[in-house]
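Morning, everyone. Please have a look at the model on the screen, and I will walk you through it.

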Amino acid sequence: MKKRTLQRGLSTFWWVTIVFLYLPLLVVMLFSFNASNSAANFTGFSLRWYERLLGNEQIISAFWNSLVLAIVSSVMALVIGCLIGYGMYRHRHRKLGWLIVLIYLPIVLPDIVFGISEMAFFVSIHRHTGLLQPGLGTMIIAHVTFQIPFVALIVYSRLVGLDATLFEAAKDLYATPFKRAVHFLMPTLKPALISAFFLSFTLSIDDFVISFFTAGPESATLPIYIWGAIKKGVSPEINAIATLMIGAVAIAAVLSLMFNRKGRY
Amino acid sequence: MADMSLVVRGRAVVSETRHLLFSVMPGAVWIIVFLVLPSVYLMAVAFMTNGPYGQPQMPLSLESFRQLAGFGFLGWSPGNLYTLLRSLWQTLLSTVLVVIVAYPIAYYITTCREKWRPIMLLVVVVPSWTNQVIRTFGWMNLLAPGTPLSDAAQALGLIAPNMGLYPSNFAVTLGLVYNFLPFMVLPLYAAFEKLDTAQVQAAQDLYASPVRAFWHAVFPQTLPGLLAGTVLVAIPAFGMYVIPELLGGGKGMMLGNLVANQFAGSANWPLGAAGAILMLIATFAGLFAMRRIGKRLGGGEEVVI
């Protein structure tokens with residue numbers, strides 16, 4: 001009897017928490033269809049804010065910046081991170097403490113410290129050499145830096161989960177390291193790589209602070225645009241962009257999960 | 001013969017080392033050049049003097065740390081100290097609240113049917129995949145003046161008429177709890193899933209009260225998860241920028257805002273860098289403390305983030 005009360009209480013608490021977690025997102029989505037520009041009263045259904053998005057050049061440009069940034073940085077991080085992950089696995093019996101520290105550094109560093117140190121660094125380099133002008137390039141560099149560890153750790157954990165004798169068998173089967181990579185390593189790692197790519201992509205789209213500090217005047221991404229719009233005074237268009245972004249990230253995340261699962265079982 | 005094998009082995013070692021270098025080097029160099037060097041540069045900036053345009057200059061000095069402690073042209077002012085204390089308080093408060101909410105949630109998930117559990121975890125985590133700015137904006141919509149929540153708070157006399165629940169310190173705490181809840185639920189769930197229920201049964205058989213049973217049989221077993229969660233919540237909460245900036249207003253500023261402002265509006269890089277050093281010290285002290293506690297409790301390996 002007592003146990004049932006406890007279970008019922010927990011279940012109620014669960015649903016309250018779920019409402020708490022989804023309420024802000026639902027409000028944003030609901031008001032993106034609001035006919036008036038009130039943030040407090042829903043007056044009727046309309047798609048006018050979405051129509052307005054399409055006519056806003058700044059938003060279109062921010063969208064492309066976000067997309068280019070996410071794709072380019074994810075691909076670069078995939079190549080570099082995959083190499084590290086493989087190196088960590090191959091040489092896991094050595095003392096690689098320095099490498100572990102290096103890989104965890106981007107993860108543990110507070111975003112704001114990460115962002116401003118890169119900004120200060122880029123600005124100083126630019127002043128002295130003319131290189132690394134703040135813009136999409138510097139943002140890509142910064143994003144790759146925080147994506148590498150996640151790719152490396154995913155690849156590493158996938159390799160550790162494999163039977164070590166598989167590597168011996170592959171060595172016997174395929175003479176050259178190149179053939180081994182193409183016929184054994186790549187197919188084995190494919191699910192891990194796809195999931196790492198989607199995770200990197202999501203991390204990039206998700207990031208605001210690091211982008212904000214490494215961006216140039218022309219390279220605003222969607223979160224940076226939204227931030228500016230909020231700071232200037234709430235515009236209902238934000239709800240519409242935000243709704244589209246919620247949808248996009250949800251799709252990417254579900255895809256990543258699906259691939260990850262296929263790889264495991 | 002022996003010499004031959006030595007040569008071969010020597011060559012193998014060399015090629016292994018080369019392999020290590022080629023696989024690991026691009027990434028290692030990347031992180032060193034684009035993160036370690038910038039961080040070292042930032043630390044150096046903290047010991048420079050602020051130039052007329054907010055750019056760091058020689059000579060070296062400790063002026064920025066004096067400013068961080070609150071000493072300015074007009075003598076000492078408590079503003080920065082308040083900001084620091086507020087950051088500590090908000091971190092502590094939100095971490096405790098997150099723990100209080102996450103414990104029952106993590107436990108509840110383990111009591112549900114096995115096939116539902118991954119989905120339930122997913123449901124908890126999905127909101128945190130949305131951009132932080134958007135989530136915080138969602139709370140601005142919910143807490144603004146004229147919304148049902150603000151009206152209710154007015155009716156209860158919690159806030160002045162015609163005011164909203166944001167900007168306020170309350171809104172910042174709420175935003176932090178909202179933001180970090182999943183990071184506590186996941187490690188706690190992992191701990192609960194491994195829980196040895198025989199110990200709980202034994203405690204109950206020995207007529208332990210539910211509180212005592214929890215404290216002696218459940219709590220120690222979930223401690224590694226709790227510590228991992230605390231690292232994941234408290235460290236980023238202390239350096240939070242977006243939430244206090246949007247939900248806190250001038251009186252809700254935290255250390256992250258103080259640091260960021262020195263690089264944006266008021267332009268005093270050395271002061272900002274000094275604040276960043278403080279944040280780094282707090283981060284590594286927190287990590288170190290958690291590792292120590294984790295090791296002492298024997299669950300050291302699990303407290304890895």
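I will take chain A, then chain B, then the contact of the two chains.

One caution before I start. This is a predicted model.

Chain A, then. It has 11 helices and 0 strands. So what is the order of elements from the N terminus on? It reads α-α-α-α-α-α-α-α-α-α-α. Along its principal axes, the C-alpha trace of chain A spans about 75 × 70 × 30 Å. Chain A has 265 residues, and 40% of them are buried. Now take the contacts in chain A between residues at least 6 apart in sequence. Of these, 79% join residues at least 24 apart.

Let's zoom in on one helix, α10 of chain A. This helix covers residues 222-232. Which of its residues are buried? They are L222(A), P223(A), Y225(A), I226(A) and W227(A). After α10(A) comes G233(A), with a positive phi near 130°.

What does α10(A) pack against? One partner is α3(A), residues 57-90. General point: two packed helices are described by the angle between their axes and the distance between the axes. Here the angle is about 140°, and the axes are 7 Å apart. An angle over 145 degrees would count as roughly antiparallel. This pair falls short of that, so α3(A) and α10(A) are oblique to each other.

Who meets whom? From α3(A) we have Q58(A), I59(A), A62(A), F63(A) and S66(A). From α10(A) we have L222(A), I224(A) and Y225(A). By class, that contact holds 6 nonpolar residues, 2 polar and no charged. Note that L222(A) and Y225(A) were also on the list of buried residues.

One backbone detail in chain A. L132(A) is not a glycine, yet its phi is positive, about 55°. Where is L132(A)? In the loop between α5 (111-129) and α6 (136-160) of chain A. Is L132(A) buried or exposed? Partly exposed, because L132(A) has 19 C-beta neighbours inside 10 Å, and buried takes 20 or more.

On to chain B. Chain B is divided into domain 1, residues 2-66, and domain 2, residues 78-302. Their centres, taken over C-alpha atoms, are 33 Å apart. How many residues are in contact across the two domains? 14 from domain 1 of chain B, and 9 from domain 2 of chain B.

Look at the domain 1 side of that contact. Elements giving two or more residues are α1 (2-46), β1 (49-50) and α2 (63-68) of chain B. The largest share comes from α1(B), with 4 residues. By class, this side has 8 nonpolar, 5 polar and 1 charged.

Next, a helix pair in chain B. Helix α8(B) is residues 197-205, and helix α9(B) is residues 210-238. Their axes come within 9 Å and cross at roughly 150°. That angle is over 145 degrees, so α8(B) and α9(B) are roughly antiparallel. The crossing is right-handed.

The residues that meet are these. Q199(B), V200(B), A203(B) and Q204(B) come from α8(B). A213(B), H216(B), A217(B) and V218(B) come from α9(B). The split is 5 nonpolar, 3 polar and no charged.

Two more stops in chain B. First, a cis peptide bond. It joins Y166(B) and P167(B), with omega about 0°. P167(B) lies in the loop between α6 (148-155) and α7 (169-193) of chain B.

Second, E245(B), which is found in helix α10 of chain B. E245(B) counts as buried because it has 24 C-beta neighbours inside 10 Å. Compare its position with Y207(B). The two are 38 residues apart along the chain, and their C-alpha atoms are separated by 51 Å.

Last topic, the contact between the chains. Chain B puts in 59 residues, and chain A puts in 64. On the chain B side, at least two residues each come from α1, α3 (79-111), α4 (117-125), α5 (132-143), α9, α10 (242-248), α11 (255-263) and α12 (269-296). Which helix of chain B gives the most? That is α1(B), with 17 residues. By class, the chain B side has 42 nonpolar, 16 polar and 1 charged residues.

So α1(B) gives the most to the side touching chain A, and α1(B) also gives the largest share of the domain 1 side touching domain 2. That's it from me.

How values were computed
Residues numbered from 1 in each chain as written. Chains lettered and ligands numbered in written order. Predicted model: local features only at pLDDT ≥ 70, side-chain atom pairs only at ≥ 80, totals over all residues. Buried ≥ 20, exposed ≤ 12 C-beta atoms within 10 Å, placed from the backbone. Domains from an automatic or database assignment. Contact = placed C-beta atoms within 7 Å. Nonpolar A, V, L, I, M, F, W, Y, C, P; charged D, E, K, R; others polar. Axes fitted to C-alpha atoms, helices over the stretch in contact; angles between N-to-C directions. Parallel < 35°, antiparallel > 145°, perpendicular 65-115°, else oblique. Left-handed = near helix turned anticlockwise from the far one by under 90°.
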